[in-house]
Amino acid sequence: MTARDFEQNFKLLYLPLGMYALRFVRDVSVSEDLVQDAFMKAWVYIGNGGEIDNFQAFMYRTVRNVCLTWLRQQRETLDEGFIPEVGDDEIDTSFRDAKIWRAIDELPEKCRQIFLMSKQDGMSNEEIATELGISIKTVKNQMTKALSRLRESLSTNHKPFFLPFL
């Protein structure tokens, strides 16, 4: 694998692997660090002449192992079944989550802020309006705009798309 191939894989897999790790460690900065550690392990392995047939599967397995090690350090005992073996469902879910977060990041700033206050923080329209000093109607309009843009950006050939909220 060339350095360019590695970089392309890094760009493709970094966010999905981060979403995968986040499910287990429940801390964004820790999950980012663990994914970076996993990529470093892969880089060293390749640099030492190691061959990787399926880089994606290798990285998911490496991130799983790095997460298990980190979790063991946080607790005295840890059942390995806590993090299931990597399968297609886990990979698909992490790619889906990454796609959702990319779409959320593309929302206009105020629209994104209101959307996250509602869906991630569980705030009501009234609470959001009060905290931001705007009308409830503005909150509703921004939520409608956010949901419309997310549906459009996440749908394939305009088929309905369900938005699972993390």
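**A walk through an all-helical predicted model**

Threonine 62 is buried, its relative accessible area being 11%. This residue belongs to helix 3, which spans residues 55–74. Once neighbours within four places in sequence are set aside, the contacts of threonine 62 are Ala38 and Lys41. The model in which these values were computed is a predicted one.

The overall architecture gives this position its setting. The protein has seven helices and zero strands, so that, read from the N terminus, its elements follow the order α-α-α-α-α-α-α. The chain holds 166 residues, of which 38% count as buried. As for contacts between residues at least 6 apart in sequence, 58% join residues that are at least 24 apart.

The first part of the chain may be followed through the connection between helix 1 and helix 2. Arginine 26 sits in the loop between these two helices. Although arginine 26 is not a glycine, its phi is positive, at about 55 degrees. Is this residue buried or exposed? Its relative accessibility is 67%, and because the threshold for exposure is over 50%, arginine 26 counts as exposed.

Serine 31, a residue of helix 2, presents the opposite case. Its relative accessibility is 3%, and it therefore counts as buried, the limit for that class being under 20%. A polar atom of the serine 31 side chain lies 2.8 Å from the backbone oxygen of valine 28. Beyond the neighbours within four places in sequence, serine 31 is in contact with Gly18, Ala21, Leu22 and Val25.

Serine 31 also leads to the largest pocket, whose lining consists of Tyr14, Leu15, Gly18, Met19, Leu22, Val28, Ser31, Glu32, Trp101 and Asp105. The elements that contribute two or more residues to this lining are helix 1 (3–25), helix 2 (28–47) and helix 4 (88–105). Which of the helices gives the most to the lining? Helix 1 does, with five residues. By residue class, the lining divides into six nonpolar, two polar and two charged residues. The space in this largest pocket amounts to about 200 Å³. Rolling a probe the size of a water molecule over the atoms is what shows where empty space is left.

Helix 4 can next be considered through alanine 103, which has its place in that helix. At 7% relative accessibility, alanine 103 counts as buried. What does this residue touch, leaving aside neighbours within four places in sequence? Its contacts are Leu150, Ser153 and Leu154. Alanine 103 and leucine 150 are 47 residues apart along the chain, and their C-alpha atoms are separated by 6.2 Å.

Proline 108 follows in the loop between helix 4 and helix 5. With a relative accessibility of 27%, proline 108 counts as partly exposed, because that class covers values between the 20% limit for buried and the 50% limit for exposed. Residues up to four places away in sequence being left out, proline 108 touches Lys145 and Arg149. A further pairing links proline 108 with alanine 146: the two are 38 residues apart in sequence, while the distance from C-alpha to C-alpha is 8.5 Å.

Helix 6, comprising residues 125–132, shows how burial is distributed around a helix. Its buried residues are Ile128, Ala129 and Leu132. Viewed down the axis of helix 6, these residues fall within an arc of 100 degrees, and they therefore line one face of the helix. On the other side of helix 6, the exposed residues are Thr130 and Glu131. What covers the buried residues of this helix? The covering elements include helix 5 (109–119) and helix 7 (136–154). Just after helix 6 comes glycine 133, with a positive phi of about 70 degrees.

Two of the positions visited may be set side by side in closing. Arginine 26, with its positive phi of about 55 degrees, belongs to the loop between helix 1 and helix 2, whereas glycine 133, with its positive phi of about 70 degrees, is placed just after helix 6.

Notes
Residues are numbered from 1 along each chain as its sequence is written. This is a predicted model: local features need pLDDT of at least 70, side-chain atom pairs count only at pLDDT 80 or more; totals for chains, interfaces and linings use all residues. Side-chain values use heavy atoms; hydrogens and water are left out. On a 1 Å grid over the protein atoms alone, a cavity is a set of points where a 1.4 Å probe fits but cannot get out, and a pocket is an open set with protein on both sides within 12 Å along at least five of seven lines; lining residues have an atom within 4 Å of a point. Grid points are joined across faces, edges and corners, and a volume is the space filled by probe spheres set on the points. Helices (H or I, at least four residues) and strands (E, at least two) are DSSP runs, numbered from the N terminus. Ala, Val, Leu, Ile, Met, Phe, Trp, Tyr, Cys and Pro count as nonpolar, Asp, Glu, Lys and Arg as charged, and the others, Gly among them, as polar. Buried means under 20% relative accessible area, exposed over 50%, partly exposed in between (1.4 Å probe, protein chains only). Contact means heavy atoms within 4.5 Å. A polar contact is a pair of N or O atoms within 3.5 Å; within protein, one must be able to donate a hydrogen and the other to accept it, and residues adjacent in sequence count only if both atoms are side-chain atoms. The arc is that of the directions from the helix axis to the C-beta atoms.
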